[in-house]
Amino acid sequence: MGAGAGSGPWGQLFLRSLVFLLLAGPPARGQLRYAVPEELEHGAFVANLGEDLGLDVSTLSARRFRIVSRAGARQHLEVNLENGILFVNERIDREEVCEGGGTCLLHLQLLVESPLELYRVEVEVLDINDHAPTFPWQEYVLEVAESAVLGARFPLESAQDPDVGTNSVHTYRLSPNGFFSLEVQTRSDASKFAELVLERALDREQQRVHRVLLTALDGGVPERSGTAHILVTVLDANDNVPAFDQPSYGVSLPEDAPAGTLVIQLNATDLDEGPNGEIEYSFSGHAPPRVRELFHVEPRSGQVLLKGRLDYERASLHELYVQAKDRGPSAVAVHCRVLVHLLDVNDNAPEVTLTSVSTPVLEDAPPGTVIAVISVQDRDSGDNGRVSCEVGPNVPFELRSSFRNYYTLVTTQALDRELVPEYNVSITARDMGSPALVTRSTLTIPVSDVNDNAPRFLQPSYSVYVMENNAPGASICSVSALDPDCQQNAYLSYSIADGHIHGMPVGTYVSINSDSGHMYALRSLDYEQIRSFQIQVQAQDAGFPPLSANVTVHIFVLDQNDNAPVIVSPLVAPDTGELRTLRSFLEQDASRQQLVVQVRDGGQPALSATVSLLLSVVETMPQTLSDFSEFSLPPEVSSSSPLTLYLLVSLGSISFTFLLAILILTAIRCRGERPSPDGYCYKVCLGPESAQSDFMFLKPCSPPRNNEKDPGKRSRPEQHLQVSKEVTQRPAGLSSTPQVPPAPSLSLCHEGSQARLLPENNRSL
């Protein structure tokens, strides 16, 4: 894996990784582990996740296959969605990613949707030997008394190597000399340090200074090394050297101890007096730099004090090497080891990382749909590092544990965006420490709309009243519907369902604005032709699939006074339907009379119609109606309209019937018991359509009474009445009635569907 998988160090790393994977066996479903060396370039191959997980590579992009990482975390690894290969996204420095020693793991959470599957992947970052051992100083001085006994040990400065395992400091070498040898020691953390051992007695008079070269070597391939020059100065004999109570000390210290805390009180004694008995304490040369940052040794008192901030999670043990020497000439230092064990304190609250998976969530998502992946970390150990996680009450979500410290947030019931469009889910992480530390985070989950609501009209039906004679294109009403969905699922369009009104398509009568629901009349409506009709209006949303609703609109046409009365028969009067004479016809009365009858309605404005009646008083019924030709009619009346022709035909029929009645009456009278100078009573009945005429002879008129004062003014015997009519319609304000002289007591009445013409003195008949 990576470049250079052949011979050399890269090839050996590749073989190590391959052996690691083979020994690990086939990965369990949802759990994979790989190894990759550090310092690989961008694009270096790590693993074929698509093949190892058994995924269809062609669907990885559609299913949003991805690595879920904590917010702000560096993305060292990435997945190629085209082939499912896990590759190096940016250079990995193991010493930067994992400060401490031991195994360095990158924990990856892999997600694939539709359906959602969760995988845990661990990638071990293998150390490469990219650092050589180094010493704090390139040269330092070691003072040894000439009286030092053979086998005396003198700790030397330790080399530092940030690599781990075999790539760290493995051993030390000393340049050949005749007085000293080298012995390598191992600390509790497996690190190595060297001690100089005196093999031959020193003689200051013969050689005051000895120079040796110390080399530190790591165990990497190829081997790397670092060197330091040691200058051994031989001092005059000092009778007594300091001595510690014990060569090694152990102490426990809570990690939250403040700076200045006393770690340990060291005590070394020297039997000499004066300056030769005064002891000074200090760190030995091979004390690690981290120890010097955290602790301080008081030179005169021997107290070891805490200087920096401890962190159990970074290092639970610190190893201190302290030396003591007197202030006399040719002073020789002695050493002791102090092991400081840190006690874990619940000083780290749980860290909650919320990673959204599928938000917003569809409102029709089934129960069990994964909404988010939640990782919880606590840097403490033991109970202080064990964490429980829960969600707040009254929300349709719950947490399910997938891996250690990983949870999935899933739905527990169906959602309804129209009721709750958004949820704020409170997630609480609590450790098991005493006192427990709690971390609360809030995850906002919007609910995405689904077209699950059909439009709903504001009314179950609409009743619209439209005045007739409306202008085409005028707005007649507006319908409105609501849809509780949102966005395109709530966008409504209106339409009119197909249908017919009096045999015509409904679209020829009304139209509707598809956006606003305003309805318009496409033609002028006429109350006398159509008084009401109904249409079906549909409201449909723009969802997929679309949903719709229908409503019935009832349209009622209101009447306007736009039609003048039409006189079908000239014998119809305004109130009673009768036309009567005020008196009997006299000798001096004109034999021809012209009457104009006006009929007016009660509308606003009022409309009217007129009819002209031509009356001729004759002794006997003429054979023709030529006498009526002398009457002149108004121009509008004489027009050859269908109504005028209709009336003339009716009057002709009446005249013929009237003549026939006179002849029959004359014959009957000649056979009567007694003659009478008076005329006979008669009645002419006309149908409302003037198409049928009926003449009925009733009985002779009664003779005049003896006390009649004016016998000379009696009605003419056997007077006959000829009637001709002409009808004219005009507005009420323009009608005019010509003045005509009083006529004999002649009645023109209208009963039911017939009109009567009879003398006044025979009305009861």
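## A right-handed disulfide

The link between Cys98 and Cys104 is right-handed, with 70° about the S-S bond. This bond is a disulfide with an S to S distance of 1.9 Å, where a disulfide is a pair of cysteine sulfur atoms within 2.5 Å. A search of the whole structure finds 1 disulfide.

Before going on, please note that this is a predicted model, in which local features need pLDDT of at least 70 and side-chain atom pairs count only at pLDDT 80 or more, while totals for chains, interfaces and linings use all residues. Residues are numbered from 1 along each chain as its sequence is written, and side-chain values use heavy atoms, with hydrogens and water left out.

Are the two linked cysteines buried or exposed? Cys98 and Cys104 are both buried. Here, buried means under 20% relative accessible area, exposed means over 50%, and partly exposed lies in between (1.4 Å probe, protein chains only). Cys336, at 2% relative accessibility, counts as buried, and Cys477 counts as buried at 14%.

## The protein as a whole

Let's step back to the full picture. The protein has 5 helices and 49 strands. Both are DSSP runs numbered from the N terminus: helices are H or I with at least four residues, and strands are E with at least two. Of the 765 residues in the protein, 44% are buried.

The protein exposes about 38,900 Å², and carbon and sulfur atoms supply 51% of this area. Accessible areas come from the Shrake-Rupley method with a 1.4 Å probe, and for residues only the protein chains shown count as cover. Contacts (heavy atoms within 4.5 Å) also tell us about the fold: among those in the protein with a separation of 6 or more, 67% are between residues 24 or more positions apart.

## A strand covered on both faces

Why is strand β29 described as largely enclosed by the rest of the structure? This strand covers residues 406–411, and 6 of its 6 residues are buried, so β29 is largely enclosed by the rest of the structure. You can follow this on both faces: Tyr406, Thr408 and Val410 are buried on one side, and Tyr407, Leu409 and Thr411 are buried on the other.

Strand β29 also has a partner. It pairs with strand β26 (residues 370–377) in the antiparallel sense over 5 bridges; two strands pair if DSSP finds at least two bridges between them. As one example, Ala372 has Leu409 in β29 as its bridge partner.

## A sheet of three strands

Strands of a sheet pair through backbone hydrogen bonds, either parallel or antiparallel. One open sheet here has 3 strands in the order β2-β5-β4, with antiparallel pairing. Strands β2 (45–48) and β4 (77–80) stand at the edges with a single partner strand each, so one side of each is left without a neighbour in the sheet. Neighbouring strands of this sheet are turned by 25° against each other on average, direction ignored. For this angle, axes are lines fitted to C-alpha atoms (for helices, over the stretch in contact), and angles run from 0 to 180 degrees between N-to-C directions.

Within this sheet, β2 and strand β5 (residues 85–88) run antiparallel and are joined by 3 bridges. Phe45 stands opposite Phe87 in β5.

## Salt bridges

A search of the whole structure finds 20 salt bridges. A salt bridge is a side-chain nitrogen of Lys or Arg within 4 Å of a carboxyl oxygen of Asp or Glu. One of them joins Glu122 and Arg33, whose closest N and O atoms are 3.9 Å apart. Glu122 lies in strand β7 (residues 117–126) and Arg33 in strand β1 (residues 31–37), so this pair ties together parts that are 89 residues apart in sequence. Glu122 counts as buried at 13% relative accessibility, whereas Arg33 is partly exposed at 33%. Arg33 and Glu122 also belong to a network of salt bridges with Arg120 and Glu124.

Another salt bridge brings the side chains of Glu319 and Arg337 together (3.0 Å, N to O). Glu319 is in strand β22 (residues 317–326) and Arg337 in strand β23 (residues 334–343), so parts 18 residues apart in sequence are tied together. Glu319 is buried at 8% relative accessibility, and Arg337 is partly exposed at 26%. Within helix α4 (residues 289–294), Glu293 and Arg290 lie 3 residues apart, about one turn of the helix, and their side chains meet in a salt bridge (3.3 Å, N to O).
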